[in-house]
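Trainee: Hi! Could you walk me through a structure I haven't looked at before?
Mentor: Happy to. Let's open it up together.

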Amino acid sequence: MKQLLKTLTETFGPSGYEDEVRKVILKEVKSLADEIHVDALGNLIVRKKPAKNSKNPKKIMLAAHMDEIGVVASHIDRNGFIRFTNVGGTFGKYTLGARVRFMNGVIGVVGYDRFENMDSTLPINKMYIDVGAKSKADCPVKVGDFGAFERSFVEMGNRLVAKSLDDRSGVLVLIETLRSIKSSANDLYFVFTTQEEVGVRGVGSAAYYINPDIGLAVDVAPTGDTPASLKMAIELGKGPCVKIRDLGMLSDLRIVNWMIQTAEKAKIPYQREVLLVGSTDARQIQISRAGVMAGALSIPCRYVHSASEMIDVDDLKNSIKLLTAMVSKNILF
Ligand code: CO
Ligand code: ZN
């Protein structure tokens, strides 16, 4: 499991450029799926049909996004320095000093124009990427080339650190849930979505195609457990989060209750999530077609959108357990 997470997080995949990530996932799910479909936006839709004798199967769509935040080159100056803009929530404070890899494999480091006040905020339009070029002609990156953070996966005891744990950890939870389900009472669609980080753009077409009864996103949620962090009731290692509210959606109460009751019955620890910032794919599933009952399971994650995001192994294992228990049995609402 950790080896697969290492491979997933070390794979390049900013929004719109999810091909390499999809290849890694396809290799894992090929032998487990009844049907596989890739749509025009690049969403990977993996179906596991209900057991033959199951009565009243519900169509359940599970979504985790393949893409990660990144950068895109917007100008190259005469000395070969690259100006760039954000792809999704790429914050200045996490970007300065980072290493970036472009789609052609070129590595660059992020520098800053000039510091007048060391405590001031760090806008990325005052940053540039230095790929070691000496002139514009010599620069191996073109305007429009996408890049993403370059950072290796590290284990720190029970804690795992990597770039793009948002949302490759959700991708891993979906893959491992599919692997653990021998047979299900429901019609399951495991969807690996594109372009979440630029405003949940990919998932909508997949939701339209599937037309599910129930939609559930699996994504990360920031924690409130670091020194002087925002007062928020999410901690690393205390179990998967049952989303109740974020800035993009109010979870369906039936979904919230289903998640909590399943966790309590199976004695899986869980946390109640009221997120103060951000949203997920579930938001777009909820308002697709004529509307879908939707909610989300979140993996607690520190330093979200940095090159060193951190999760806990037990949260990962408990997320797989909870999701497996939820979707295997008949759903009575
Ligand atoms: Co994100
Ligand atoms: Zn995410």
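Trainee: Is arginine 179 buried, partly exposed or exposed, and what is its relative accessible area?
Mentor: Arginine 179 has a relative accessible area of 31%, so it counts as partly exposed. Keep in mind that this is a predicted model.

Trainee: Which residue does arginine 179 form a salt bridge with?
Mentor: Its partner is glutamate 28, and the closest N and O atoms are 3.0 Å apart. The two sit in distant parts of the chain: arginine 179 belongs to helix H4 and glutamate 28 to helix H2 (residues 19-29), 151 residues apart. Glutamate 28 is partly exposed too, at 22% relative accessible area.

Trainee: How many salt bridges are there in the whole structure?
Mentor: A search finds 20. One of them joins lysine 2 to glutamate 155, with 3.1 Å between the closest N and O atoms. That pair also links distant parts, with lysine 2 in helix H1 (residues 2-9) and glutamate 155 in strand E10 (residues 154-156), 153 residues apart. Lysine 2 is partly exposed at 32%, and glutamate 155 is partly exposed at 45%.

Trainee: What about lysine 163 and glutamate 68, which form a salt bridge: are they buried or exposed?
Mentor: Lysine 163 is buried, with a relative accessible area of 3%, and glutamate 68 is buried at 3% as well. Their closest N and O atoms are 3.1 Å apart. Lysine 163 lies in the loop between strand E11 (159-162) and H4, while glutamate 68 lies in the loop between E3 and strand E4 (70-76), so the salt bridge ties together parts 95 residues apart in sequence.

Trainee: Which residues are linked in a network of salt bridges?
Mentor: Glu35, Arg47, Lys49 and Asp187 are.

Trainee: Switching to metals, what coordinates the zinc ion (ligand 2)?
Mentor: The donors are His65 (NE2), Asp166 (OD) and Asp219, which gives two OD atoms, at 1.9 to 2.6 Å. Along the chain they follow the spacing H-x100-D-x52-D. Histidine 65 lies in strand E3 (residues 59-65) and aspartate 166 in helix H4 (residues 165-180), so this pair ties together parts that are 101 residues apart in sequence.

Trainee: And which protein donors does the cobalt ion (ligand 1) have?
Mentor: Asp166 (OD), two OE atoms of Glu197, and His305 (NE2), lying 1.9 to 2.6 Å from the cobalt ion.

Trainee: Why is the arrangement around the cobalt ion (ligand 1) irregular?
Mentor: Its four donor atoms subtend angles of 55 to 145°, which makes the arrangement irregular. The zinc ion (ligand 2) has an irregular site as well, with angles of 52 to 146°.

Trainee: Which residue bridges the cobalt ion (ligand 1) and the zinc ion (ligand 2)?
Mentor: Aspartate 166 does, and the two ions lie 3.2 Å apart. Both aspartate 166 and histidine 305 are buried.

Trainee: Last topic: which domains does the chain have?
Mentor: The domain assignment gives domain 1 (2-68 + 163-328) and domain 2 (70-149). Their centres, taken over C-alpha atoms, are 31 Å apart.

Trainee: How many residues of domain 1 and domain 2 are in contact?
Mentor: 14 residues of domain 1 touch 14 residues of domain 2. About 1200 Å² is buried between domain 1 and domain 2, with carbon and sulfur atoms giving 67% of that area. Phe12, Tyr17 and His305 supply 45% of the area that domain 1 buries against domain 2, more than any other three residues. The count of salt bridges between domain 1 and domain 2 is zero.

Terms used:
Residues are numbered from 1 along each chain as its sequence is written. Chains are lettered from A and ligands numbered from 1 in the order in which they are written. This is a predicted model: local features need pLDDT of at least 70, side-chain atom pairs count only at pLDDT 80 or more; totals for chains, interfaces and linings use all residues. Side-chain values use heavy atoms; hydrogens and water are left out. Donors are N, O and S atoms within 2.8 Å of the metal (3.2 Å for Na, K and Ca); water is not among the atoms, so sites may look incomplete. Four donors count as tetrahedral if all angles lie between 85 and 135 degrees; four count as square planar and six as octahedral if opposite donors are over 155 degrees apart and all others between 65 and 115; anything else is irregular. Helices (H or I, at least four residues) and strands (E, at least two) are DSSP runs, numbered from the N terminus. Domain bounds come from an automatic or database domain assignment. Contact means heavy atoms within 4.5 Å. Buried area is the accessible area (1.4 Å probe) that two parts lose on being put together, summed over both. A salt bridge is a side-chain nitrogen of Lys or Arg within 4 Å of a carboxyl oxygen of Asp or Glu. Buried means under 20% relative accessible area, exposed over 50%, partly exposed in between (1.4 Å probe, protein chains only).
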